[in-house]
Every structure is written in C-alpha cells, then in structure tokens.
Amino acid sequence: MSLLSSADSSAALESDSQSQRAWILTKHLLLFFVLMTLWEVGSRAGWIDPLLFPAPWGIVKQIGLMYYVNGNVYYHFYKTFIEAMAGLGLGVFIGVGLATAAALSLRFREYIKPYIIVIEATPRIAVGPLFIAWLGFGLSSKVALAALVCFFGPFVNTLTGLLNVDDEAEEMFRSMRSTKWQTFWGLRVPNSATILMAGMKLGVSSAFGGALVAEFISANEGMGVLMSRYTYVLNMNGAFATLLSITFFAFLLFKVADVIDYYLVFWRSDKLMQAKSKKRKDAFFKSLAAA
Amino acid sequence: MTSITSITTSTTSTTSTTSTEPAIGPAELADKGFKRLAMHVLIFVIIIGAWELAGVFNQLNDLLLPAPSKIIVKFIDLWFISQRIWWHFFVTMYEATAGFFIGVGIGMSLAISAVVSPVFRRYISPYAIAFNVTPGIAVTPLIIAWFGFGWSSKIAQATLVCFFAPFINTLTGLLYTDEDATELFRSMRANKKQYFWKLQFPSALPLIIAGFKIALTGALIGAVVAEFFSASEGIGILMQRTSFKLDIAGSIATLISMSLMGLLFFSLMEVLDYKVLYWKRDSRMQQISKKRKAAWNM
Amino acid sequence: MAAVAQAVASSNKPQASFGDVVIQANNLTKAFSETVVALENASFTVKKGSFVSLVGPSGCGKSTLLRLVAGLIPKTSGSLTVHGKEVTEPRGDTGMMFQRPILLEWRTSVENVLLPSELTGRVTNEDKRRAMGFLDLVGLKDFEFTFPRQLSGGMQQRVALARLLQTGADILLLDEPFGALDEFTRERLNLELLRIIAQFSSTTLFVTHNIAEAIFLADQVHVMTPRPGRLAKIIDVPFTRPREISLQVTPEFNELVAEVREVLGGDH
C-alpha cells in the first residue's frame, strides 16, 4: 500500500487535490449543518431539555447580544487574555530558566530531580486556593496559577531539547575547542527549537486553563467568571455562547503560536529557507563591501 | 497535530543524563546510589532545618509560610488524629479513578472506530481538533449545572479532561504501524484479526500506555477543579476551605497529601509500564527470556 | 544436525522437480501512474533450484519486480505465473526477506520464527521443532529466547532468514537482505545463505545493487536499467558450486563484472 503512495507523481495530482479538498470541506460543512438542524428541531420539539442543551438559534442570538449589542464580552476577553499571557510568560521564563540550568549542570539536574517528580505528580491546579489566600483576589493570583500550571511543558521540552543533541555534532564542536557557552548557543539552543516550540504550544493551553480555573474560584472579571455567572443563573444560551467564545479564543492563541513556530524554526520550510538565504547573502556581501 | 510530539515527550522521564562516564560495576553502582540518596536527604534536611530555624526566630509570617513543624502538626492531625482527610482522600481518588476508566474507555473506543473506519476518522477530525484546543476546564460550570453537586459531576469532569490523550495516542499508535512490518504480514497472508492482535496492537502499546499516564493526571485535575466549583467532599474542597479560612499550615498539609495521591497514581502507572512494556528494558527482557525458555515445551 | 536438516527438509512440500520452470514472466509491466513506469516489458523464466540476481541502480525496477512475484502489488499488463498459476496475491509458495529484519520487538527469536506458522493455523509441536532447527541452522543456537533488541544487526537478519525458511516456501525472494550490514558480516552471511539454499534446493531471487555480489551468488544475473525500469540483459554465470570468496579475484569473474557494467552504461 505504501509503495503505491510513495511512487505517485505529485504533479499530476495537483489540480485533483484542490478540487478534492473543496469537496471534503463541503462535506464537513454539510454534516455540521445537518447536526445543527437536528439539534434545533430536537430542542423545539421538546425532545432535548433546554436546560441541558439550548437550541443553536438561541445561542446565536446570544452571541449577537454579547458581541454587538452589549459588547461587554470584549472586556472579559481582555482580562483573561492578560492573565493567561502573563502567566504564560512567567511560566515559560521559569520553565526555560530551570531547564537551562539543569542542562548546563549535571549536579543541579540531580538535585532537582526528586522535586520535579513530585511537582509533576501533584495536580498543580490544586494550589489555586492557596495562591488566592496568599495573593488575594486580584490579577496576581490568576497569573501565578497560570504560570504554575503551564511551566512544566516548556520545562520538560526545553530540557529534552537541550540535552538530546546528536553525539557527533557535540563532538564536532568539541574538536574545534568550543567553550561550553559556544556549544550552548551555537548547537544546543537551535537544536532544541522545534521541541521548545511544541512545549510552548502546550503551555498556551495550560496557561489559559489555569487562568480560567483561578477565575472560577474567585474573580469578578474574565471569561471564566462570565461562564460561571451565566451557568449559575441557568442562562444556558449565555453559557454556551461563552464556551464557544473560549474555544474560538483558544484556537486563535494556538494558531498564533503555530505562526510563531513556523517563522522561528525556519529551516523546516523551503520557502522560508530561500528567503533567509537571500537575506543572509545580501547581508554577507554588504559586510564585505563595507570592510 | 504537533501536540502528539509534546504528549509523548512530556511523559518520558524528565531528567536524562547524557553520561560519558565509563562503565561501572554493580558494587560501585550501589554505592553511588546510596551516596546520591544520602545527598538528597541531606539537602532536604538542610532546607527544612533552615526553614524551621527561621520560624523559631519569628522570621516567618504564619499567613504566608508557616514553619515546617506547624505543617507537620496539621498533617498528623489530618491523617491520624482527627482523621478528617481519609474520607476526602477516598472521594477524590474514587472520582478520579472512575473518570479515568470511563475516559480511557471512551477515548480508546473512539480511536478504534476511527482506525477501522476512515470515513468516521475524517468526519470527527475537525471536532477532535476543536476539542483539543478548548481547555476542558472551561466546561466545568456547565458540567456542574448538568450533573448537579454530587459525585457524578466530578466524575464527568474528570472524564472530559482525560479522554483526549488516550484517544489521540491510541489513534496514532494504531494508525502509524511500521509500514515494512505491515508488508511482511501481507506477504505472509495474515488476515485482519491477526494483523491487529499480532502487530498493530502490540506496536501501539507504548503510545497507549503513555496516553494512560496523561489521562490519569488529567482525571485527577478534572476531579479537583470540579470540586473547587462546588462540593462538600473531596480533597479539592478541603484545600479550598483551609485556604479561605487562612489556615495556611493546614492548606499546605492538604497540598502535600494531594502530592501523595499524585505520587500514588504515578507509581501505579510506572508499575503498569514496567510490567507491560517488557521489551524496552534490558532487565525485564532477561527476566522474560528465562520465563519463556522455561515454559517452552515441544 | 543432520537429523534436524532432514526433518526440516522433508517438511518443505516439493512443488516441482529440479530444472522445471517455476516462474514465468511475459512482457510484465508495472506503471504506478502515466508517467511513472517502474517496470516495462520484462520477460524471463526461472527454473527450480536456480539462484537469480537482480542487479541495477536505484529506479531500475528490481524491487518492483520482486514485489510483483511476491504478489504484494498488482501488475499493470503482461503475464506472470508462479508454478503455472497467475500471481494475484501473496501466496504460500513464495517467501520474502527485506533489508530490515522487521522482527517483532516483543517476541523472542523463536517466537518471531514461528510467526508464519501462527498465521497459517495452529502451531504444532512439529512447527516448534522446525523453528528451533532453523535457528540452529542459521547459527543462532542458544539465542532462541533472546529478544531482537539484544541481538546485533547481523544476528537479527539471521532470525529473519530462519523465519523465511519456516514459511516452507520453495521460492525465496530477498530484497537486499544484507545491505544494511557491514562488508564483513555481509560476506559471511552471503556464504551461509548459499550453504542453506544448497541444502533445500530453493529457488531464489536476490536483489542487490552490488555487481560483484550479484555475480558471486547467482546462476543467472538479470541486469536492469532505470528510466523506465527494464530487464536489459540476462547473463549466465557458469562457475561451479560451492564457490569460494577467492573466485572474485579471478579474471573470468571480472570479465563478467565488466560485461554487467557495460550493460549498465558505465554509470554504476
């Protein structure tokens, strides 16, 4: 089976795959539409309890209300965004920092190993109430929880990336009498780029989740608060609308991370490599001319 | 999905030493291990000692960081004297475990369906992606609204948070079976059932077990978060109560208890890994070799 | 050892007598698409007990030809029969060995060797005896219960060879089986392969890109050229068996090497 696919000449199939993709997209949209219609009909006919699953149309109306009429959702978005991003930043800083220290020093790595195992096993989100007791109901407790929850992904991935360099590549650096720092910046860091970005992406969703939980426990503003308030008064339309917003938001964040990943780790894409080649070539000759 | 690489990465042991040391004999190894353990214990004792000392000299604010002795007192009280924590511990463990099994069941069933039917796979993939991106935690209020304040909402939340990893890992593991091995099986005219049980499933086991590990962690988180929201029993609510009462020592003691639960789960998963994935460890391979040789009868 | 060999040999059901045609191809063609023609109009016959090498650079269709005979891929046009029957799917009278050993990591050597028996029905004590015998034959006595990870590359390929013998197929299809190993191991395994094949009078198709190896092992060398994949020439190798490594430095041998090179147009 694999033999067949590997021998296919891609050129002949280019036009095919484009129309194929359009058709697949249409099928997906069709299925979605059918599901929504069933849901709507089921709701109106009373088969589906409106307390459990509000009708799609109601949700749509609510979204219109939230986004266009009231517009208060933007502020809550903003609040949660700040919390998540600050938490992510802090978490990445801690995670990458610890990982770097651990990668550079075998001793340090040995020392922190048991603590890391314990931290990994503990549901870090449980620290939420404690953070609130320490840092109050404001922004800082949310940021702290988000940071605690999300630092692990970047930490593990950075450490793995920094340590797992090709043996022979490391030998090559050593044979040219490179210092530890030179090897670190010239080899280890670029080598770990891919896995580091994967860790970051993990961190994005964790930080977001951490911020939301912190809001659940105690907050006045933010998406999590919106969610819990709507649910509390059993405004299911609102709750679902908020949930969709959260999903959309998370998706957006993820895509942003993807884009950053794409541009940062440029050697995975032919197009980017070509552009970089040209830029470096120009810079090179310019520096020669200047000298 | 790039999350796959990060999933499998984050479950491998955290610190891997690139050792360039020469081979050492077993006696020296044991000695080294002992020395290492002693060092860890020593460092721990020093930290705790310094901390306690700060408390003795009234350098500590009880509302921020109570002295270790106070925490230990609370811990002993929780576990042995008033024994309040046992029931809460049990409740949360039960919720997490139930959520784990249900989540794994759902996740693996969906994965197997997706493997068996490419049509199904194609249609659920956009929903799977959307699901992956949403923090499962966001749904907590809804889950509580649907399932009420009892245990079922915690179990439901745990299930929700933890079902994705087994799903994606089982799917990936089964789907990306070694192509050459598949061809080998075809050349030996294996039927679908033989192909699944003798090749697809065993080769997917490492990923499947990795998925289990993530799921268990997730289930615990899901249960605890749901408890935060509204519960009368469970370690999560105990955590919330002690924190809001500003009983920081008690809160930390509860947190430590929670770590213990996490470690318990972690150990269980490690045991599972050790037993099932025998072909990844030299010592286990030797064990199994002996067993199979002894069991061989013609 | 002789008793084992006998028990083992007697279980290979004789399909034809020595000298009969077992593989026949006429204008065999395989095209993966309009522009990608992997093999074009190959015609040849293979007699029972003969060793045929398929040699040529990448893209010449040698692996494709092997897979066609194995029944793993369908032909586009022409005819291909094995033991007089059209090849449409994998069959019991042909067995394949790949460049990678492809052993199942979670099974011991003997369990890997028993895989073919498992797949065709219940495993009998006779099957088990045969498996142990084959492992002994390939020089892996005392390694029956080790796991693939504990074996070297060469040893793993030996297990793969034992597994191939276990299938009981009388036509062996080998796709560069020792290509991933170092020269010394490869040489040793080639000699062992010849020894084993002589014992069972198996018909063998052997794919390689190494000209000397192709000539040294075979009775017939099928020289193949790429773009599109074609069977350019069939060269008979007259040397008697058993063959010594020293044969490779004789002038007669090198004449054949030159002949093959000429066909390949000197770009090998």
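## Exercises on chain C and its neighbours

Among contacts in chain C between residues at least 6 apart in sequence, 72% join residues at least 24 apart; two residues are in contact if their C-beta atoms, placed from the backbone, lie within 7 Å. This is a predicted model, in which local features need pLDDT of at least 70 and side-chain atom pairs count only at pLDDT 80 or more, while totals for chains, interfaces and linings use all residues. Residues are numbered from 1 along each chain as its sequence is written, and chains are lettered from A and ligands numbered from 1 in the order in which they are written.

**Exercise 1. Describe the overall build of chain C.**

Step 1. Count the elements. Chain C has nine helices and ten strands. Helices (H or I, at least four residues) and strands (E, at least two) are DSSP runs, numbered from the N terminus.

Step 2. Test the packing. The radius of gyration of chain C is 18 Å, close to the 18 Å that the globule rule gives for 268 residues, so chain C is as compact as a globular protein of that length. The radius is taken over C-alpha atoms, and the rule is 2.2 Å times the number of residues to the power 0.38.

Step 3. Box it. Along the principal axes, the C-alpha atoms of chain C fill roughly 50 × 40 × 35 Å.

Step 4. Check burial. Of the 268 residues of chain C, 44% count as buried. Buried means 20 or more other C-beta atoms within 10 Å of the residue's own, exposed means 12 or fewer, and partly exposed lies in between; C-beta atoms are placed from the backbone.

**Exercise 2. Place strand β7 of chain C in its surroundings.**

Step 1. Look at burial. Five of the five residues of β7(C) (residues 171-175) are buried, so this strand is largely enclosed by the rest of the structure.

Step 2. Sort the directions. Ile171(C), Leu173(C) and Asp175(C) point one way, and Leu172(C) and Leu174(C) point the other way. In a regular strand the side chains alternate between the two faces of the sheet.

Step 3. Find the partners. Strands pair if DSSP finds at least two bridges between them. Strand β6(C) (residues 94-97) pairs with β7(C) in the parallel sense over four bridges. Here Thr94(C) stands opposite Ile171(C). Strand β8(C) (residues 203-208) also pairs with β7(C) in the parallel sense, over five bridges. There, Thr203(C) is the bridge partner of Ile171(C).

Step 4. Trace the link. The chain runs from β7(C) through α7(C) to β8(C), a right-handed β-α-β crossover. Right-handed means that, with the strands pointing away from the viewer, the path from the first strand over the helix to the second runs clockwise.

**Exercise 3. Characterise where the two domains of chain C touch.**

Step 1. Set the bounds. Domain 1 covers 15-93 + 171-268, and domain 2 covers 105-168. These bounds come from an automatic or database domain assignment.

Step 2. Find the spacing. The C-alpha centres of the two domains of chain C lie 25 Å apart.

Step 3. Count contacts. Nine residues of domain 1 of chain C meet seven residues of domain 2 of chain C. Helix α7(C) (residues 183-200) gives the most to the domain 1 side, with four residues.

Step 4. Classify. The domain 1 side has seven nonpolar, one polar and one charged residue. Ala, Val, Leu, Ile, Met, Phe, Trp, Tyr, Cys and Pro count as nonpolar, Asp, Glu, Lys and Arg as charged, and the others, Gly among them, as polar.

**Exercise 4. Describe the contact between chain C and chain B.**

Step 1. Count. 23 residues of chain C are in contact with 17 residues of chain B.

Step 2. Classify. The chain C side has 13 nonpolar, five polar and five charged residues.
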